[in-house]
Amino acid sequence: MHPFVRSNASLIAVGVIGIALLVGLPLALELFTLLRVTLFVIFAILALSLAFIWGYGGILCFGHSAFFGLGAYAYAVSVINVGDSTLPIVIAMALPALLAAALGYFMFYARISDVYVGVITLTVTLIFYNVVNSTAGPQYRIGDVHLGGFNGIPNVPSLNVPFDPNAVLGPQDMFWVCMVALMLVYFGLRMLLRMRFGRVLIAVRENESRVEFLGYDARLHKLIAFSIGGAIAGLAGCLFTAWGGFISPTAFSVVQSAQIIIWLMVGGVGTLIGPMIGAALISWLTASLGSQQTVDANVVLGTVLLAFVLLVPKGIAPIVTDQLMPWFLSMCRSKPSVASVSRKDKT
Amino acid sequence: MFDALNFAVGEMNAAGGLLGREVKVVSFDTQSNMQLYAQYAQEAALKHKVAVVHGGITSASREIIRPVLGKYKTLYFYETPYEGGVCDRNVFADGTTPGHNTEVLVDHAVKTWGKKGYVLAADYNYGQITSEWVKKYAKERGGDVIGTEFFPIDATNFGSTISKIQAAKPDWILTVLVGGGPISFYRQFNAAGLSGKIPIASTTFGAGNEQMVLTPEESNGIVVAYNYLQDIDSLANKEFLTRFRAKFGADYPPVTDLTMSSYIGLLLWAAGVKKAGTIDRDKVIEALESGITVDGPSGKVSIDPQTHHCIFDVHLAKFKDKKTVILNTFPQRKPIDTAMVCDLKKNPRDAKQYVISVK
Amino acid sequence: MDLAILVGIDFVNGVATLALMSIGLAVVFGMMRIINLAHGEFMVMGSYSAAVAYHHNVNIWVAILIVPPIAVAVIGAIIERVIIRRLYGRMVETMLATWGLSLFIVGILTTIFGSHTEGVPAPLSGIKVGNYQTSGYSLFVILMSVVTIVGVYVVLRATRLGLLARGTMQNAEMAAALGVDTSRIYATTFAFGAGLAGLAGGILAPISGVFPSIGGSYIGRAFITVIGGGPAPLVGTVTASAMFGFVNQLATFLSNPVYGEVALLVAAVILIRLLPNGITGRYFRRAL
Amino acid sequence: MSTPPLIETIGLIKHFGGMQAIRGVDFSLAEGEIRCLIGPNGAGKSTFFKLLTGQIKPTSGSVRFRGTDLTMLQAHEIARLGIGIKTQQPSVFNGLSVQENLWIAAARHKKGKAIGQSVEAQVERFSLGGFVNSLAGQLAHGQRQWLELGVVLCGDPELILLDEPAAGMTEEERVRTAALILEINRQHPIIVVEHDMSFIRSIAQRITVFNQGMILTEGGAEEVFSNQAVRDVYLGKRAAA
């Protein structure tokens, strides 16, 4: 086998699966299921953003929904005002990135770390939640958009072909856009993690003071990672709004933040593939739970989180990378040489 | 609500179904999770291909469901009291709006209690808009609203508000509170020894059977106005309650206006289907627009073709020992608020919620 | 003047409520370095146990003051044995596990009681302040808050358990070497914290409604108060509640409860930025 | 004494709350030198290192490195000027492999193949060849100390601070470490904090003795070890303990 293929086997596998899903799902699924899968894809993007800053940057962000919600609202407000969705997507990523940068400067440059970062991010989310929730009065408008408080903003236009507001994307186009976005984010992050920046970021997670003794500015690395995570969460928020055509303050809620963390715990912190799978699995579970009346959804979600923290602290990612992926690869090349899959190359 | 709907469907099926077919209910628990409303609306429309969707409690959830069902051409019935203004040919709303009951309440307050009112409202669309209506109606009657406060849905501490109210010395209080937290307002109000000293009217009290949680001292004297109250003294209502209790047991909480509008909503849709002779969406809408009327436990309810809202009786009542005493009945009130902005006869392609400017 | 007294009572009541909500969480955090995110649900279980006892014709005072702490302490002890014990020393994992636990409890409570609001009436009537009325029960809440804090002080200061607990928390290995059964101390401390949460839930049951998801609105504030207060449970809770409670009430009085909440949160963010280890991490380091 | 010192501190003072950890230290080190810092526990040696590397800021006084005032600089800026430190507890990236540990250190100022060369040089120097892909956290204690030394060297520092480099090592490893330090000293000036006397004797030419946050005395090894004051505060106490 070509050495490039060998050293990038798991990456290529993810790419192949991704393209297979991209092409295959619209053919295999009926419209309604495709719409639902699109949502899972959007959540997978959201999961990636936290997987990056928590799993690789070591930043315990308990209030990740702040970026998701801000991106969602930024998109809703700007797309209704502008009409064309091209610029709003950029805004929906830029604003959360700016918020993350400001917050990161506020925290990291004061050497605040660990649980305290968690408390501050959680608090910031609560502030957003409270403030946005209290904008029901008619005086809260941005341009043509009434923020709507608890009810949120309904009837938000979906994405359109860039610079052509009349060519609104249909459900299938929407799926493609989200899937491509997911793959871009995934491979983008993978690439970033292979570059010096990414490696130093992981080193910061491992031992912040050692990184500084080596002459790297750990604070700056965390701040940049945090902003990138914020931008990706904003993108997810934007796609979410475009998908459902609405946004409400629950996007900022603690429950939303908790959801993302559950995805990570189930998928496996410190990996990228795990949280994506976690997001899809848990979202599917949540949706399925609502269609039955026997068990309360919270009981199941709580049990899942507890069980993973106590019994499967590494999440399901090791199962995927150590068993499924080699199996998949051996299927592809029909000649099993499982050992060549580098264990270090965490997917 | 869900029980009432199932009950109505059960009765209908027992009587041979609709157009000879059995009516089947597909239900979803949205866990109050907004994106699940969207998912389930899609699922209902695309996977189950239902003939009609009933549901959505909050205005927020309705505004999520409404475009989805509009897009996939599935008829939608919304049955909760709300702020008014929805103008969409695909949607029928049979809940009360401020035009139905708020005027009745304010009229009563200004005439019996005095000119100065104080409004406590939930901080969202319904609360904001209703409080505007209160102001307007009070002014028209020579009264005035001297203070308005908005609370988040989960607010539980009203100590500071109760102090502010005492400082303002209003003649009456009108509450537009919803959710579980605000129950503590009535409790704290009574604990401060103010029950009976400043009278309270409410557009929402009792809709969640708040009186069953509170003591009689805490809830006595609160004045409400609804289309349906369990204590309505009519033959139709008594028969309905007997059947309902037989199915769900005597311990089932009192039937509220909300429960009843779910029941009525289904009856209205069934009447439309019968008249149209099909479940085809466009034909059913036409049939419903022809002015369908049903006679239910709450009296005569008919659809207003112009707004797709309903015309029905409104009963003004006062709580006494966890029950209501009906003070007055205002027959066949129209959705006058929505009618100010919405005319689906003229503009059948409208599909939005108007914010009615209250002036 | 009368109005000033009335408003003053509101302020003190706000502070007292916050302290009452936080003290159980603070004891567990200060002594064990664990943040129990199911604390809000522990309080709700306290409220429900009070409501259930009351509806079974238990004397109202017994229902709100005796039943909840005992019931929740027992549940707390079981939870410590089954879950918390496996996670000592791993703060983040404990937070996540207790988060899962809180969802679980909300689900169980919804299954048992439904999502409608339960309640217990206030056992005290209103009292007159000049021309105004105020709730006698809110004075009782203030009193109970003071009693609880003094009680916790006495337990930590004067009892053998308190001494052992403080010793174990300072240096677990040393305590173990001296023959103290540290795992029992941890279990007792956690149950004690849970009991305090139950008591708070019982006392607050008559003023706030009781429904499964209300714990969410408790935990946020209690969590922030405890982190703001820092490692010393008593002094931390008192100082942080005084500060946040005052800010909250002031903003509420000047605008509305939403901005009251926002002001509290903003104050918390600023405090943590200035004093990452909380008030007692910087000042009163030797305090309890 | 005509050449300017590599690093010097002038009137360095550090208070922690009421406690005076460093009270007026004037220290200087010449280019190419190797210096040992000794003193009883709590004498201020580790605090002194923290002040030199910018982990904490002095209450007053200043630190100058080749004429640059370090007092207001951040830890990573000081590191970039060329001060490397091996801390008391081995401080490496436990979750990363040996190779990755060294790579990160070298990649700060090198590119492409030069990084690999640095990494390989240190792997060879510390005989870590069999462990390049092991996680640093799984190494034996002594090896982890050496890895940290390698990480420091990969940064090509102009001054190396070593805080108890032989702590927790076997006798055999100590001898090896002493030899390595002397070898490193051929290219790099070094300051070493140590307790082990035989270790100090094997590497030190000049020794500075700290006591109660101040410099007690300074001089050649034999001179210092025979100093009565040093015996009293340090050796005497150690013997008694």
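Me: How far apart do the C-alpha centres of domain 1 and domain 2 of chain B lie?
Reply: Happy to start there, and do keep in mind that this is a predicted model. The domain assignment splits chain B into domain 1 (2-97 + 231-312 + 333-353) and domain 2 (99-226). The distance between the C-alpha centres of these two domains of chain B is 28 Å.

Me: Which helix gives the most to the side of domain 1 of chain B that touches domain 2 of chain B?
Reply: In this contact, 17 residues of domain 1 of chain B meet 12 residues of domain 2 of chain B. On the domain 1 side, α11 (257-276) and α13 (336-339) of chain B each supply at least two residues. By class, that side has 7 nonpolar, 6 polar and 4 charged residues. The helix that gives the most, with 3 residues, is α13(B).

Me: Why does the radius of gyration of chain B agree with that of a compact globule?
Reply: Chain B holds 13 helices and 14 strands, and its C-alpha trace spans about 60 × 45 × 35 Å along the principal axes. A compact globule with 359 residues would have a radius of gyration near 21 Å, so chain B agrees with its value of 20 Å.

Me: What percentage of the residues in chain B is buried?
Reply: Let's look at the contacts in chain B with a separation of 6 or more: 68% of them are between residues 24 or more positions apart. As for burial, out of the 359 residues in chain B, the buried ones make up 57%.

Me: Which helix provides the largest share of the largest nonpolar core?
Reply: This core has 399 residues, and those with the most contacts inside it include A:I42, A:I45 and A:L305. Both domain 1 and domain 2 of chain B contribute at least three residues each. The largest share, 17 residues, comes from residues 31-56 of chain A, which form helix α3.

Me: Which residues is A:I45 in contact with, leaving aside its neighbours within four places in sequence?
Reply: A:I45 is one of the residues with the most contacts inside the largest nonpolar core. Setting those sequence neighbours aside, its partners are A:A181, A:L182, A:V185, A:I232, A:L235, A:A236 and A:L239.

Me: How many nonpolar residues are on the side of chain A that touches chain C?
Reply: The contact takes 30 residues from chain A and 31 residues from chain C. On the chain A side, α6 (115-133), α11 (254-267) and α13 (297-311) each supply at least two residues. Divided by class, that side has 1 charged and 6 polar residues, and the nonpolar ones number 23.

Definitions and conventions
Residues are numbered from 1 along each chain as its sequence is written. Chains are lettered from A and ligands numbered from 1 in the order in which they are written. This is a predicted model: local features need pLDDT of at least 70, side-chain atom pairs count only at pLDDT 80 or more; totals for chains, interfaces and linings use all residues. Two residues are in contact if their C-beta atoms, placed from the backbone, lie within 7 Å. Helices (H or I, at least four residues) and strands (E, at least two) are DSSP runs, numbered from the N terminus. Ala, Val, Leu, Ile, Met, Phe, Trp, Tyr, Cys and Pro count as nonpolar, Asp, Glu, Lys and Arg as charged, and the others, Gly among them, as polar. Domain bounds come from an automatic or database domain assignment. A nonpolar core is a set of buried Ala, Val, Leu, Ile, Met, Phe, Trp, Tyr and Cys residues joined through C-beta atoms within 7 Å. A residue is buried if 20 or more other C-beta atoms lie within 10 Å of its own, exposed if 12 or fewer, and partly exposed in between; C-beta atoms are placed from the backbone. The radius of gyration is taken over C-alpha atoms; the globule rule is 2.2 Å times the number of residues to the power 0.38.
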